[in-house]
Amino acid sequence: MKNIKNISKKIFDLLEVHLAAVIFLILFFCIVIQVFSRYVFNSPLPPLFELSIYSFVWVIYLGAPLAKRYRKHIRFDILYRKLPKRVQLITEIAFDLLLNVVLLIISVPIIRYVAWSYKIKTSVLRIPWSYLLLCFPIFTVLLFIHNSVWIYYHIREFLGKRTPPSEVPPWQ
Amino acid sequence: MAIIVWILVFAAVFAMGYPIALGMFISSALYLLLSHIDFSLLMDMMVIKFESMFILLAVPLFIFTAKVINAGKITDRVFDSAQKALGSLRGGFSYVNIVASIIFAGMSGSEIADVAGLGAVEIKAMKDAGYDGAFACSVTCASATIGPIIPPSIPMIIYSMLSGASVGYLFLGGFIPGFLLGGILMVVVYILSAKRNYPRGKKVPFRDLLRTLTKSFPALMAPVLLLYGIYGGVFTPTESAGVVAAYVIFLSLFVYRTLGLKEFYKVLIDTVLSTGYISFLIAGAFMLSYVVAREEIPVLITNGFISLGLTSSKWITLLSINILFLILGCFFDVSAIQLIIIPILLPLVKTMGIDLVHFGVITTFNLMIALDTPPYGETGFITAAISETPLHEVVKEMLLYFIPCEIAGLVIITYVPDFVLWLPRLAGYVG
């Protein structure tokens, strides 16, 4: 059980932390090199322009599940904080379940859409659109898994069972 | 049926403290399901739409810049320079706080980054010098408000994306309001310092001041680089975010050597996280805007304004919008207000002939006040936690002295549009 937990943590870290950080660096360098190339060599680089946007989209959809994993999404919690702990847990479980149902409902249509978009090529890089859109199914899978883990923890807490200590976030 | 479910789910998510972005996602997906619209629209709105929104690339890059500035302790140098220059006045640290925030505002576009980074340095220095915690926190919160008003500004970039107004002119429009607010805060600080007999710092010899300024010179050049780049036509506002990030990374890694590679990697991860939840909220807002437009909700809102008699002149409309934003700002997160309310109000604003640059600066100013206003004033939470000052003391000080001043600034820029539009017009803006 512990091994599975460690391996899954490594896989999540690889995608949401390390891969996302590398893609962010690509985004950053694309922008800087573009400015340099245009200003110094008077030669704009449209492929880098396109790559920077695609990198941005990938960072969003790898970063959003990471935010779910560490409960960093913005919420309006004035009322929530005043609720009894058990009511808080029930609302969290209910909405997380609803989110998982939605993720399941949309999964087939979005995978079909990503597969269909393979035929279409991007305007500059001429790579299949599905390479850009693939981040969305990955996002839904990651979100589904983190959500399910939180549902499990919240149910345990609701039943008065011990929950594991929260892990140290990788940015601390 | 679909719209009722959409409203109910979204309202429930909002009220019960579930993440807003995920709430937008759930309610919009259910709306599509009940309206028999293909789910591919979700990806069109939440993924593909970013392809035409190059301006939004500035958001992660300015987040990155702010985090590097804080992690690389560039804030310490900015604070040190301001302290040497102004610390000897009565209540000098308060002026230092405001001036440092104005300089920081020229590098970062985020009020929270100002409070959490520079604020921590400022509050500690002020408390060590004998200022009470509530005052130190309140000055820090109020001065941080200037951050996104003076360019660069993340909220202005998001507003530009929503409204189509030029980011360059929005940035120019924020200059005078930012300095105006700084001036108003200095007057309040002057009066309070005299009344409470706050201490004077030691006068620094000119040679020491010069030495500090020389050391801080590269850091102080960041805003100059940004403004020269944008208005000198070298790069776009989006690209400016990347160039300034590269500059502050270079300073932190190689000039000041205050940032190791390990810390730099942590900054990268932190940026990915912030980009994830902020930009996903924007993606959710794209979906929300689709539903709002499809259901013609702006028409309903406009009719509501008309029936309440709030459209008799644009000044009354602006007054009512300002009041609405101030009230919403007390309870909701500013990015959520911006992404949800502005698209609904924009058709009314355009119908009333309100200038989009003027409106953008007003809403940015208003939303920054929202970060200070209780009960949901994030800056108060952060500074109270940093300084271990009871939150109610910070809130009391803010409500008594600083929030009224911020609102005074808002009223001035609302009713004297030249405070906002003079500089953009000088640069060729026709509006």
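Me: A:Glu92 has a relative accessible area of 2%. Is A:Glu92 buried or exposed?

Reply: In this predicted model, A:Glu92 is buried, because 2% lies under the 20% cut-off.

Me: Which residue does A:Glu92 meet in a salt bridge?

Reply: Side chains of opposite charge can pair when their charged atoms come close. Here the partner is A:Arg71, at 3.6 Å from N to O. This pair links distant parts of the chain, 21 residues apart: A:Arg71 is in the loop between helix 2 and helix 3 of chain A, and A:Glu92 is in helix 4. A:Arg71 counts as partly exposed, at 32% relative accessibility.

Me: Where do B:Asp208 and B:Arg211 lie?

Reply: Both belong to helix 11 of chain B, three residues apart, which is about one turn of the helix. They form a salt bridge with closest N and O atoms 3.6 Å apart. B:Asp208 is partly exposed at 29%, and B:Arg211 is partly exposed at 47%.

Me: How should the interface be read, and how many salt bridges are counted between chain B and chain A?

Reply: The size of an interface is often given as the accessible area lost when the parts come together. Chain B and chain A bury about 5,900 Å² between them, 81% of it on carbon and sulfur atoms. The contact draws on 65 residues from chain B and 66 residues from chain A. One salt bridge is counted between the two chains, and B:Glu239 forms a salt bridge with A:Arg38, with closest N and O atoms 2.7 Å apart. Helix 13 of chain B gives the most to the side of chain B that touches chain A, with 15 residues. The residues on that side comprise 51 nonpolar, eight polar and six charged.

Definitions and conventions:
Residues numbered from 1 in each chain as written. Chains lettered and ligands numbered in written order. Predicted model: local features only at pLDDT ≥ 70, side-chain atom pairs only at ≥ 80, totals over all residues. Heavy atoms only, no water. Contact = heavy atoms within 4.5 Å. Buried area = accessible area lost by both parts, 1.4 Å probe. Salt bridge = Lys/Arg side-chain N within 4 Å of Asp/Glu carboxyl O. Helix = DSSP H or I, 4+ residues; strand = E, 2+ residues; numbered from the N terminus. Nonpolar A, V, L, I, M, F, W, Y, C, P; charged D, E, K, R; others polar. Buried < 20%, exposed > 50% of the residue type's maximum accessible area, 1.4 Å probe, protein only.
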